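Subject: Structure for your review

Dear colleague,

Please find below the sequence and the structure that I am handing over to you. My notes on what was found follow directly after.

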Amino acid sequence: MKMRTLDPKTVATRDLHQFLLGSVAPRPIAFASTVDDDGNMNIAPYSFFNAFSSNPPILVFSSNRRVTNNTTKDTLHNIQKNKEVVINVVNYNIVRQMTLASIEYPSTVNEFEKAGLTAIPSDIVRPMRIKESPAQMECVVDEILTLGDQGGAGHLIICKVVKLHVAEKVIDEQNRIDPHKMDLMGRMGRAYYVRCSGPNVFPLFQPVTKIALGFDQLPPQIINSKVLTGNNIAQLAGLFEMPKEEDVLALKQNESIATLLDMDNRSLLLQNYAKQVLDLEGDAEKAMKVLLLDV
Ligand SMILES: Cc1cc2nc3c(=O)[nH]c(=O)nc-3n(C[C@H](O)[C@H](O)[C@H](O)COP(=O)(O)O)c2cc1C
């Protein structure tokens, strides 16, 4: 891979911003609801956002100085005054309404009305929740960290969740959030977004406490394969033990495998066969046995 190397000290902030945002993606979106001292409601999306602790439950997002004119934003001003925010998540159903709310309306304009979203009262904090959002987190702000005074500088807003509201319809029978029902949106670089449902959302089962083999325990015909990808080899390296020799040899009874073993280019054919087993069946144990026949 030919790489482009950028030095933050010499790259224009606007360009650096795009390279950072294109690289650190997709980002979750905090749809932040705040109020000013006069009770004016404000909602705006922030994708410099994540969860950083569950106990205590801490969310952090960043309101940045505008690169164009170095001004700061209403969400920050409101939080500086009253230290409260509701962070609502953004799913596919409200993504276009979210972009409307990101328009830089004057501070007295109520973006709930502009974006056609419904404000509902919170239990603990003053800012309202967004009714249409499937998860709404009432927060008190613990700390605001100022990262600089030039355009593009962030203010890390460290929020403690004091109440969490999750739509019943996204919770499964085992009391967990179903990502497909949640249908969240992520922000990529430039104007790109990603919708988190459908075939692109899939589980990866990984050993947590049991020790997996690892790449270094795999035989050279697997490690040096030109057919298997890094992901394929990782599937094999995730097994807990090498298959027993008799189980490997038993595969010779399989008619299609026996045919491959008779061919001149058996190594290549076995690797292609194993790759299919991994990609289509996800059966690492069987794939490993197939590959071990190539001795
Ligand atoms: C999806 C999305 C993500 C955004 N993320 C951020 C962000 O992380 N930080 C930021 O300062 N502005 C971000 N913006 C821009 C703000 O939403 C925009 O400046 C907004 O007008 C600020 O509103 P406010 O002045 O009411 O706080 C984002 C905009 C969109 C559409």
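Strand β6 (residues 84-89) and strand β9 (residues 135-146) run antiparallel and are joined by five bridges. Within this pairing, N88 stands opposite Q136 in β9. Please bear in mind as you read that this is a predicted model.

The sheet

Where do β6 and β9 belong in the wider arrangement? They are part of an open sheet of seven strands with antiparallel pairing, in the order β3-β2-β6-β9-β10-β5-β4. At the edges stand β3 and β4 (49-54), each of which has a single partner strand, so one side of each is left without a neighbour in the sheet. On average, neighbouring strands of this sheet are turned by 35 degrees against each other, direction ignored.

Helix α2 (residues 74-82) lies across several of these strands, namely β2 (30-35), β3, β5, β6, β9 and β10 (154-166). The helix runs at about 55 degrees to β2.

The pairing around β11

Strand β11 (residues 184-187) takes part in two further pairings. With strand β1 (residues 27-28), β11 pairs in the antiparallel sense over two bridges; here P28 stands opposite G186 in β11. With strand β12 (residues 193-196), β11 again pairs in the antiparallel sense, over four bridges. The bridge partner of G186 in β12 is V194. The strands β11 and β12 form a hairpin with five residues between them. In the turn of this hairpin, R190 has a positive phi of about 50 degrees.

Aromatic rings

How many aromatic pairs does a search of the whole structure find? The search finds one. The ring centres of Y46 and F61 are 5.3 Å apart and their planes stand at 50 degrees; the pair is therefore tilted, as this class covers planes from 30 to 60 degrees apart. Y46 lies in strand β3 (residues 41-46) and F61 in strand β5 (residues 57-64), so that the pair links distant parts of the chain, 15 residues apart. Are these two residues buried or exposed? Both Y46 and F61 are buried.

One further ring deserves a mention. R195 lies over the face of Y92, at 3.5 Å from the ring centre.

I would suggest following the strand order of the sheet in the model, β3-β2-β6-β9-β10-β5-β4, and then turning to the hairpin of β11 and β12.

Yours sincerely

Notes:
Residues numbered from 1 in each chain as written. Predicted model: local features only at pLDDT ≥ 70, side-chain atom pairs only at ≥ 80, totals over all residues. Heavy atoms only, no water. Phe/Tyr/Trp six-rings, centres within 6.5 Å; stacked < 30°, edge-to-face > 60°. Buried < 20%, exposed > 50% of the residue type's maximum accessible area, 1.4 Å probe, protein only. Lys NZ or Arg CZ within 6 Å of the ring centre and 35° of its normal. Pairing = 2+ DSSP bridges. Axes fitted to C-alpha atoms, helices over the stretch in contact; angles between N-to-C directions. Contact = heavy atoms within 4.5 Å.
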